[in-house]
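Trainee: I'd like to learn how to read a model like this one, feature by feature. Can you walk me through it?

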Amino acid sequence: MAKSDYYGTLGVRRDASAEEIKKAYRRLARELHPDVNPDPETQERFKDITQAYEVLSDPNKRQMYDMGADPFAAGGGAGAGGFGAGFPFSDIMDAFFGAAGGGGGRGPRSRARRGRNATIRVELDLRESGFGTTRELVVDTAVLCEVCTGSGAAAGTHPDTCDMCHGRGEVSQVTRSFLGQVMTSRPCPQCGGFGSIIRNPCQECSGDGRVRTRRTIKVRIPAGVEDGTHIQLAGEGEIGPGGGPPGDLFLEIVERAHEIFERRGDDLHCTVQIPMTAAALGTILTMETLDGAEELDIRPGTQSGQTIPLYGRGVQRLNETGRGDLLIHVNVETPSRLDPAQEELMRELAKLRGEERPPGKFAPGQQGFFSRLRDAFNGR
């Protein structure tokens with residue numbers, strides 16, 4: 001029986017790589033699978049490419065074929081259902097659905113994996129969050145082991161090739177199904193899918209390739225952050241196992257409450273309580289802002305609930321220019337107890353203003369902000 005031309009069957013060169021052979025097989029399998037083209041001639045071609053792939057995808061069988069022998073020439077042929085013994089069922093599944101894990105080829109897993117992310121809570125006062133600051137943070141994390149430089153093996157040694165999977169990271173098993181004999185693969189139980197075994201682990205890191213330590217990093221907190229803001233520091237997390245790339249470090253901002261100001265976005269709010277006489281006659285108050293002491297002008301006739309804005313005295317806008325405002329809410333205090341002299345003066349004032357028996361101004365419901373704003377514009 002003449003030896004089959006497996007390279008020609010798959011349409012690849014004799015020096016084609018394993019990846020090129022796999023791609024060629026997947027492309028043909030999608031075209032010739034019996035579920036797609038059920039005619040007998042197509043089924044025969046599908047058997048041929050399956051047999052060719054089984055030989056050329058196995059290094060030992062391919063070497064035997066290249067030396068002039070045909071692994072199927074001695075009666076191996078196609079098995080039950082048109083699939084040869086040990087038919088690589090996982091590869092035909094890959095041809096239609098892609099390889100597991102996003103289309104990557106099978107093989108030994110890398111010991112180097114990305115490190116985990118870490119989160120640190122950073123407490124700031126209002127001035128620090130509003131204008132930015134620099135902090136030195138102490139981080140407990142994993143860093144690269146300097147003894148083995150991430151390999152996990154003791155000095156002067158290296159991982160040994162697994163004698164169960166021979167470095168492939170997976171073992172194959174042939175089972176019988178309605179399709180015939182089907183070959184399935186699973187991670188090697190001896191090496192865990194890595195393809196190698198660390199027989200002499202590093203004493204410093206116990207074979208993990210990293211050690212725990214405490215380090216100090218200096219970070220710049222931008223102006224305008226607020227409570228709950230997360231800042232990402234790329235690559236400042238812990239080193240991954242096997243010397244893998246580091247994860248990220250996230251700073252969670254916690255803003256401490258201020259004794260006077262309440263923050264709402266970029267604006268600051270506070271309340272000032274003044275006596276009735278100051279509201280009626282007007283006065284000047286001195287108050288502390290984030291920029292230092294400022295004079296607050298209380299104009300004559302100021303009403304309770306009125307808001308006095310100080311523009312540009314809020315916090316810095318995050319990643320923008322400019323600042324928010326400081327909004328001062330006035331609360332006019334009405335005296336609850338008067339001595340005889342004060343009461344006499346108040347009665348005299350009421351008489352002068354014709355307010356001994358005021359009729360009052362009644363309106364539906366409770367006036368809201370916009371109603372008060374409208375009345376202020378109308379001079380009421």
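Trainee: What is the order of the strands in the open sheet of 4 strands?

Mentor: Some ground rules come before the sheet. This is a predicted model, where local features need pLDDT of at least 70, side-chain atom pairs count only at pLDDT 80 or more, and totals for chains, interfaces and linings use all residues. Residues are numbered from 1 along each chain as its sequence is written, and side-chain values use heavy atoms, with hydrogens and water left out.

Mentor: Now the general idea: strands of a sheet pair through backbone hydrogen bonds, either parallel or antiparallel. Strands here are DSSP runs of E, at least two residues, and helices are runs of H or I, at least four residues, both numbered from the N terminus. Two strands pair if DSSP finds at least two bridges between them. In this open sheet the order is β10-β11-β15-β14, and the pairing is mixed.

Trainee: Which strands are the edge strands?

Mentor: They are β10 and β14, each pairing on one side only. From one strand to the next, the twist averages 30° (axes are lines fitted to C-alpha atoms, for helices over the stretch in contact, and angles run from 0 to 180 degrees between N-to-C directions).

Trainee: How many bridges join β10 to β11?

Mentor: There are 3 bridges, and the two strands run antiparallel, with β11 covering residues 267–275. R264 stands opposite D267 in β11.

Trainee: How many salt bridges does the count come to?

Mentor: Take the rule before the number: a side-chain nitrogen of Lys or Arg has to be within 4 Å of a carboxyl oxygen of Asp or Glu. That gives 22 salt bridges. One of them joins E238 and R116, at 3.2 Å from N to O. E238 is in the loop between β8 (230–233) and β9 (249–255) and R116 is in the loop between α5 (89–97) and β1 (118–124), so this pair ties together parts 122 residues apart in sequence.

Trainee: Is E238 buried or exposed?

Mentor: Buried, at 8% relative accessibility, while R116 counts as exposed at 60%. The cut-offs are under 20% relative accessible area for buried, over 50% for exposed, and partly exposed in between, using a 1.4 Å probe and protein chains only. Both residues also belong to a wider salt-bridge network that links R116, D208, R210, R212 and E238.

Trainee: How far apart are the closest N and O atoms of E123 and R256?

Mentor: They are 3.4 Å apart, in another salt bridge. E123 lies in strand β1 and R256 in the loop between β9 and β10 (262–264), so the parts they tie together are 133 residues apart in sequence. E123 is partly exposed at 42%, and R256 is partly exposed at 39%.

Trainee: How many aromatic pairs are there?

Mentor: Rings of Phe, Tyr and Trp (its six-membered ring) pair if their centres lie within 6.5 Å; planes under 30 degrees apart are stacked, over 60 edge-to-face, and the rest tilted. The count here is 3 aromatic pairs. Among them is Y6 with Y65, tilted, at 4.9 Å centre to centre and 40° between the planes. Y6 sits in helix α1 (residues 6–10) and Y65 in helix α4 (residues 59–66), 59 residues apart. Y6 is buried at 1%, and Y65 is buried at 2%. Y7 and Y65 have ring centres 5.8 Å apart and planes at 45°, so that pair is tilted. Ring pairs link Y6, Y7 and Y65 into a cluster.
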